[in-house]
4 protein chains.
Amino acid sequence: MKYSENSCSDINICYIGGGSQGWAWKLMSDLYLEESLSGTVRLYDIDSKSAETNAIIGNIISGYEEAKGHWTYKSVSTLEEGLSGADFVIISITPGTFKEMFSDVHTPEKYGIYQPVGDTTGPGGIFRALRTIPMYEEIANSIKRYAKDAWAINYTNPMSICVATLYAVFPEIKAFGCCHEVFGAQRLLLMALKEFEGIEETDRHNLNTNVLGINHFTWINEASYKTYDLMPIYDRLVKKYYKDGICDKITDVHFMSKNLVKFDLYRRYGIIAAAGDRHLAEFVPDYARDKKTIAQWGFNLTPVNWRIENKAMLAKLSREYANKEKKVPITASGEEGVRQIKALLGLKDIITNVNLPNHNQMDCDEGIVVETNALFTKNSVRPLTAGKLPDEVNLIMSVHMNNQKAILKAGLEKKKKLAFAAFLNDPLVKNISISNAKALFNEMFSNTRQYLTGFDSIPIR
Amino acid sequence: MKYSENSCSDINICYIGGGSQGWAWKLMSDLYLEESLSGTVRLYDIDSKSAETNAIIGNIISGYEEAKGHWTYKSVSTLEEGLSGADFVIISITPGTFKEMFSDVHTPEKYGIYQPVGDTTGPGGIFRALRTIPMYEEIANSIKRYAKDAWAINYTNPMSICVATLYAVFPEIKAFGCCHEVFGAQRLLLMALKEFEGIEETDRHNLNTNVLGINHFTWINEASYKTYDLMPIYDRLVKKYYKDGICDKITDVHFMSKNLVKFDLYRRYGIIAAAGDRHLAEFVPDYARDKKTIAQWGFNLTPVNWRIENKAMLAKLSREYANKEKKVPITASGEEGVRQIKALLGLKDIITNVNLPNHNQMDCDEGIVVETNALFTKNSVRPLTAGKLPDEVNLIMSVHMNNQKAILKAGLEKKKKLAFAAFLNDPLVKNISISNAKALFNEMFSNTRQYLTGFDSIPIR
Amino acid sequence: MKYSENSCSDINICYIGGGSQGWAWKLMSDLYLEESLSGTVRLYDIDSKSAETNAIIGNIISGYEEAKGHWTYKSVSTLEEGLSGADFVIISITPGTFKEMFSDVHTPEKYGIYQPVGDTTGPGGIFRALRTIPMYEEIANSIKRYAKDAWAINYTNPMSICVATLYAVFPEIKAFGCCHEVFGAQRLLLMALKEFEGIEETDRHNLNTNVLGINHFTWINEASYKTYDLMPIYDRLVKKYYKDGICDKITDVHFMSKNLVKFDLYRRYGIIAAAGDRHLAEFVPDYARDKKTIAQWGFNLTPVNWRIENKAMLAKLSREYANKEKKVPITASGEEGVRQIKALLGLKDIITNVNLPNHNQMDCDEGIVVETNALFTKNSVRPLTAGKLPDEVNLIMSVHMNNQKAILKAGLEKKKKLAFAAFLNDPLVKNISISNAKALFNEMFSNTRQYLTGFDSIPIR
Amino acid sequence: MKYSENSCSDINICYIGGGSQGWAWKLMSDLYLEESLSGTVRLYDIDSKSAETNAIIGNIISGYEEAKGHWTYKSVSTLEEGLSGADFVIISITPGTFKEMFSDVHTPEKYGIYQPVGDTTGPGGIFRALRTIPMYEEIANSIKRYAKDAWAINYTNPMSICVATLYAVFPEIKAFGCCHEVFGAQRLLLMALKEFEGIEETDRHNLNTNVLGINHFTWINEASYKTYDLMPIYDRLVKKYYKDGICDKITDVHFMSKNLVKFDLYRRYGIIAAAGDRHLAEFVPDYARDKKTIAQWGFNLTPVNWRIENKAMLAKLSREYANKEKKVPITASGEEGVRQIKALLGLKDIITNVNLPNHNQMDCDEGIVVETNALFTKNSVRPLTAGKLPDEVNLIMSVHMNNQKAILKAGLEKKKKLAFAAFLNDPLVKNISISNAKALFNEMFSNTRQYLTGFDSIPIR
């Protein structure tokens with residue numbers, strides 16, 4: 001890297017999962033828009049074809065006349081090649097294929113368990129975790145070997161388990177996990193500010209929100225904007241909309257939500273749930289009890305078939321971009337990655353929410369991956385102490401934190417019985433009988449078998 | 001008290017709940033059989049009639065020629081009178097009436113929740129706790145005022161909450177809780193010793209068993225008898241009987257069990273569950289899913305009507321004893337109370353399992369009431385460090401430990417929302433929808449209203 | 001209070017110790033210079049004369065034409081009058097008189113113990129603590145009663161004990177302690193930046209420094225300025241100046257230092273000690289071993305006689321200001337108080353170092369008052385997690401943290417033996433024999449007797 | 001091993017340091033006297049000659065007609081040979097030679113630091129620890145490899161560091177440390193019982209004493225004998241003898257003590273110090289300030305020259321025993337080793353004090369080696385929770401516990417600066433100037449250089 005006044009060049013970024021047609025394109029846009037940074041992005045993907053295509057697209061974008069940031073994109077064929085000399089590592093992979101994702105989401109439905117997303121907790125989240133852990137063991141070992149001083153940013157789900165695995169394997173790693181779910185709650189705060197105080201603020205970075213919890217089950221217990229305390233203003237928002245709901249963002253129907261779950265949780269516990277309703281409903285029993293209940297709460301399940309079709313559409317788009325049949329549209333992603341990189345280079349301090357192993361930020365066991373605010377300065381990420389959740393929320397939170405530890409251990413040490421104990425302990429599984437739970441676990445295990453090396457094959461009886 | 005060589009006289013015992021026709025009679029028998037102790041037992045009961053009758057019965061027993069221990073029984077009409085000058089306090093009360101107990105046990109059945117006992121955990125245990133807490137606040141304050149140096153032994157359920165309340169109100173109290181549920185597992189160990197090693201040992205006190213957990217959800221993870229490791233011997237017992245079961249004790253049909261739950265838990269987790277199946281089935285989801293499942297697991301629900309009839313029978317017996325129409329039969333109760341008193345007087349050291357607030361005996365939060373072994377010597381009860389439960393058991397245990405804390409706080413500070421959060425967090429309640437859970441909570445609250453002073457009346461919505 | 005855009009009026013500040021001729025005048029200057037704030041300052045002092053004079057001076061200043069901030073100053077005669085309705089409370093008192101201060105500083109010299117300041121740790125700090133605790137108990141109770149929602153800022157030493165007492169008496173208090181000692185280390189960083197990188201930065205607020213430790217024994221383990229890592233730059237400063245020293249500020253000779261202790265500590269432990277050498281030398285044995293050693297390390301002892309003379313000079317100045325014989329000079333104090341008040345009102349977020357009971361910011365027992373960075377936003381002070389000190393420093397730090405707890409307990413519960421045990425445990429006392437330690441303790445106790453109500457009079461034998 | 005009723009044969013014991021002329025002979029006597037045990041003792045020593053001679057002596061003893069226990073003694077030449085198949089491992093070695101021991105004890109005297117023993121704490125204890133750690137790393141690795149299921153009993157000093165090293169290297173080891181220093185305090189309790197209650201009890205095992213602390217700085221805070229509370233009786237003993245002292249045992253002049261330190265500590269803190277005065281004086285500053293003070297407190301320093309002469313005498317005796325010139329005298333050693341072995345075999349449960357890494361037995365950091373009571377049963381050592389020391393004692397104890405951790409880390413990770421920081425933090429070193437402390441450290445380092453492999457050679461400056 002080379003520093004000059006207020007900028008930095010020759011930065012090396014390694015992107016693991018660099019064939020992505022979602023996060024990778026967002027990164028390209030954000031780098032295009034950022035004038036203080038330049039360098040090389042090395043794209044690594046087990047689907048090397050996608051990485052190559054993305055390198056072409058990246059270079060096309062970077063070559064646009066209006067580009068403020070200038071980057072070279074290269075596809076690489078090994079982690080060694082990608083990581084050696086990297087200053088930053090971005091990890092955003094799909095663990096397994098649509099086949100396993102289908103099992104995650106739809107096999108539990110046969111047993112009456114509905115998961116709007118199925119990638120974080122619940123039966124789907126647990127199996128996704130078990131197959132992701134060995135992949136992250138390899139990534140952590142590679143970073144340790146080839147890029148031990150690099151900062152690593154994770155976007156993959158299940159976020160908590162991914163970050164926990166990185167630190168379990170390489171405790172000195174400089175990694176954190178980054179997720180945009182909190183931003184939705186911040187958008188609602190901006191809407192409330194406008195509606196009840198008449199203040200038009202569009203930049204959520206101007207809010208102060210104290211974030212605490214675990215990824216996708218995150219909360220805001222203090223919020224202010226300049227001299228305004230936002231908590232009573234949010235209270236007014238909830239009072240007005242808790243019956244009919246309100247959308248904070250226009251999006252694809254599968255990701256749409258009316259925030260009814262969020263408002264209901266506020267009414268129950270008095271603090272702001274800060275993740276999408278589809279995620280929240282997987283942590284707290286009963287919102288996703290059955291299809292009728294789901295409809296009442298105004299969110300949708302995301303069928304994996306939709307994901308398959310969407311992927312095909314993106315692949316087509318990808319070819320069109322690479323062939324220059326279509327111009328790549330550039331919009332700021334709203335993600336924090338590039339802001340974080342700037343801050344770590346010393347170009348502008350920020351406070352933002354990240355996922356890190358607990359070392360004092362919350363009152364829970366050391367090492368549990370929690371999501372709280374942190375101060376980013378030159379080569380430093382320092383969490384704030386996040387305070388306490390209400391006792392009522394902690395009763396639910398504890399179950400998920402204990403499960404996080406158990407799943408990590410089960411995955412690292414190949415303990416199938418422990419994995420099943422965590423599975424049984426998951427609130428979404430508690431509704432069904434234990435014999436059904438065993439059958440479901442064994443069926444999902446069998447569906448995902450290919451990625452669960454090291455576990456014994458004896459079914460849970 | 002007066003000490004002479006190997007004995008102690010002029011001991012003052014205050015029995016709170018002294019009108020009891022169960023535990024009080026057991027104490028009388030055990031004192032009758034113990035030659036090293038003598039003194040006075042003061043019986044206090046809000047049902048003063050019963051206390052008076054028991055005083056008559058006690059003095060009859062103590063007057064029998066064969067009596068080894070000589071005691072005077074008196075009924076007293078206030079806690080002050082009972083406690084002033086007491087060396088030991090025994091607490092064994094019925095919190096509320098059969099009306100509330102009926103609500104505890106049978107109201108949840110309307111919602112499909114079955115509780116074999118309903119006095120420890122589950123909806124019944126929670127409401128029983130909420131109404132017991134203020135009673136124990138009064139008892140603790142009275143002990144603090146009138147008998148601060150006395151040792152207090154609690155027998156009342158919910159054990160953990162009762163002991164926790166005593167310490168919350170009067171942290172310097174010398175109290176512990178005493179329960180016989182572990183003894184059943186010890187009887188099974190003796191049976192295994194006989195069946196597989198041909199050794200006829202009848203005294204469970206000769207076993208070494210490491211006890212850990214919480215009351216009625218207690219475990220044994222190490223067991224030996226002289227040079228024998230009992231764990232592999234128990235393993236053989238389970239292998240032989242896990243299908244058909246085996247009884248460790250002849251008892252009334254409502255309390256009968258084949259130990260099938262206990263054996264199943266051993267097969268799942270590799271350690272010995274040390275409480276009756278009827279209790280265990282309230283802690284671990286699914287054994288009491290429905291009546292059919294309960295029948296399959298070979299235990300029974302205890303209808304409150306049976307308790308009402310039994311009580312009437314005992315009342316009749318009580319009158320016959322007092323009128324000397326019937327001679328009071330004397331048998332050693334098998335309980336630990338009198339052994340513990342002897343040990344606390346310095347007459348014979350023992351190690352036995354007791355309930356105490358955690359201060360290092362287990363790896364859980366300070367103050368949670370846990371059940372572990374303790375060494376009893378002259379004026380001292382010192383817990384052993386109990387080690388760790390398997391991770392799989394800890395996932396279940398944590399939920400109950402967290403609920404214990406929440407219920408105690410809800411009861412002491414009259415926090416209804418927190419009580420409901422703990423209610424929802426209980427594994428037995430997780431099976432039903434949240435709207436049903438609210439309805440059930442509100443109905444039980446209303447049924448128990450009389451004893452829940454200080455809580456607001458607004459139903460959970 | 002009234003908010004308008006970017007400013008706040010009708011603020012009520014209560015100043016306890018408001019007769020001060022140091023901190024009070026600094027506050028007046030800073031308020032004069034700050035255009036976004038206005039309101040009333042109520043001055044309370046047991047020396048009511050001084051408070052009255054200061055009210056006159058304050059109103060004179062506030063009336064100057066150039067004043068940006070407009071404030072009314074009033075003297076009040078009771079804490080109730082001062083605190084009722086206060087939004088902010090500033091506490092800056094002198095505990096006791098010069099007589100006790102003389103004992104603190106000079107009595108130990110008879111036994112060969114030299115303390116450059118004598119107000120924080122060492123024999124002087126301990127006795128000052130013991131007599132300050134009851135004063136702070138009264139203040140905390142008054143805040144609880146009359147101004148429970150106000151923010152309280154403490155400037156009095158011993159800082160840690162003062163803040164700890166406030167929280168011990170009123171755990172919900174919104175108080176923090178504020179000290180300028182860290183700023184000296186930040187000035188050295190600015191000097192290094194200029195000398196080795198040629199960058200002229202004058203505002204220490206533009207540095208990022210991670211602060212951790214306890215008041216006056218505080219450390220910086222990470223420091224950066226924009227894209228510069230300041231740790232290697234500080235290393236160069238130390239290498240250049242560790243022999244001859246360098247001053248970071250022109251000041252009275254008694255407060256002068258060459259930073260030789262600070263540089264030596266850096267050479268020993270590799271991190272930056274962030275307090276004046278005179279304070280540091282009281283925490284780490286041997287720098288103040290004897291007068292010759294003190295001279296070698298380039299700092300000075302502050303004789304109490306100087307303080308007495310200085311006080312007389314200030315009293316004279318005070319009269320001249322009040323009589324308008326002299327114009328009050330206005331300069332920015334460099335203190336954080338007014339910046340903190342602005343931040344708490346939501347006018348501008350800051351990160352600054354403050355003293356607060358530990359709740360996760362450091363790896364030490366809950367409740368020990370530590371000094372770390374905190375984020376100040378609207379009505380919120382949220383500490384950052386501060387990370388770990390080197391093991392070598394922790395060995396010394398632990399002794400002082402343990403002593404802090406012991407002295408607080410001794411003072412609150414009037415435990416003389418515990419106070420003496422802490423006294424013996426202090427590194428400055430370890431050099432002398434135990435019989436001398438007893439004699440010194442008893443002599444200092446006797447000198448300070450008037451303020452040590454509640455302690456028994458029996459000398460330590 | 002073979003079990004028959006109430007006895008066990010074919011036991012394999014490996015004795016590391018088996019050439020010992022102290023502990024080894026004690027073991028031989030105790031085994032001779034114990035009829036329920038028999039088997040083989042394999043003696044390993046780096047001085048193979050001594051081990052061979054001891055094998056001869058052992059077999060002579062075992063062949064005596066009156067021998068109740070029959071054992072075969074063999075010398076072995078490698079740890080592998082000694083450990084393979086071992087059921088028990090006894091470790092009792094001399095770390096280094098008299099040359100290093102001379103440096104431990106006498107080099108500090110040049111700087112005015114007196115250590116009566118010099119093997120536990122203080123400069124001597126620290127350097128002895130640093131050179132013992134690598135030896136124990138080798139032993140722990142060998143046990144892990146060749147005898148992972150064996151129970152290991154350590155007698156070597158510094159006890160805490162030896163036990164800590166075993167667990168640091170092989171966390172699953174079944175090891176504990178065994179020391180007789182507590183027995184002296186128990187003898188005093190028996191003396192008090194006789195003097196003030198007229199009860200002649202000779203067996204200290206009949207006392208109940210709650211032990212807590214760290215090795216050689218151990219305390220008794222509860223003591224009873226049958227129905228007697230011994231604490232007030234000990235109080236009377238102290239009141240009577242604190243001026244003139246009293247001996248609990250006839251012994252060589254160098255080990256003699258009048259218990260004046262012990263009595264003084266009781267008067268200061270109200271609990272019983274349970275180690276010899278010579279050890280206690282190394283933990284608490286000032287008792288060993290100078291030769292005159294030492295004389296006043298009635299204990300003696302042990303010159304290494306005496307140890308050298310004594311060793312020569314023992315070597316001569318050894319040859320005479322082996323040649324049958326002299327008959328080996330048999331007396332019960334009073335040590336706990338053989339009782340512990342019996343208990344671990346399930347032959348008789350005991351409670352005794354042992355050194356183990358803290359896992360809940362005390363309120364200090366996990367892993368610090370503490371000395372508390374433990375229950376020994378079949379294949380199980382389970383510590384009791386030991387409760388709390390008085391705050392005053394904890395202030396001193398913390399320093400030593402922190403130093404234990406620091407020295408262990410310094411020794412395992414070869415951190416010389418950390419070793420010096422712990423050295424400086426030791427109360428015995430606090431009396432001298434830092435430049436003298438550096439000189440002393442460097443001199444002792446140089447004297448012990450041969451055993452301090454892995455450390456850099458640069459002197460502390």
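Biologist: How far apart are the centres of domain 1 and domain 2 of chain A?

Modeller: In this predicted model, 22 Å separate the two centres, taken over C-alpha atoms. Domain 1 of chain A covers 2-97 + 115-179, and domain 2 covers 98-114 + 180-302 + 335-455.

Biologist: What makes you say that the two domains are in contact?

Modeller: Contact requires heavy atoms within 4.5 Å. By that rule, 56 residues of domain 1 of chain A are in contact with 66 residues of domain 2 of chain A. The area buried between the two domains is about 5200 Å², and carbon and sulfur atoms give 69% of it. In domain 1, A:P116, A:F127 and A:C179 lose the most area to domain 2, together 16% of what that side buries.

Biologist: Why is the pair A:R131 and A:D104 called a salt bridge?

Modeller: The cut-off is 4 Å between a side-chain nitrogen of Lys or Arg and a carboxyl oxygen of Asp or Glu. The closest N and O atoms of A:R131 and A:D104 are 2.9 Å apart, so the pair meets the rule. Between domain 1 and domain 2 of chain A, the count is three salt bridges.

Biologist: And how many residue pairs are in polar contact across the interface of the two domains?

Modeller: The rule finds 16 such pairs, with both residues at pLDDT 80 or more. Elements giving two or more residues to the domain 1 side include β2 (7-16), α1 (23-33) and α5 (122-146) of chain A. The largest share of that side, 13 residues, comes from α5(A).

Biologist: Which classes of residue make up that side of domain 1?

Modeller: The side of domain 1 that touches domain 2 has 32 nonpolar, 16 polar and eight charged residues.

How values were computed
Residues numbered from 1 in each chain as written. Chains lettered and ligands numbered in written order. Predicted model: local features only at pLDDT ≥ 70, side-chain atom pairs only at ≥ 80, totals over all residues. Heavy atoms only, no water. Domains from an automatic or database assignment. Buried area = accessible area lost by both parts, 1.4 Å probe. Polar contact = N/O pair within 3.5 Å; in protein donor to acceptor, adjacent residues only side chain to side chain. Helix = DSSP H or I, 4+ residues; strand = E, 2+ residues; numbered from the N terminus. Nonpolar A, V, L, I, M, F, W, Y, C, P; charged D, E, K, R; others polar.
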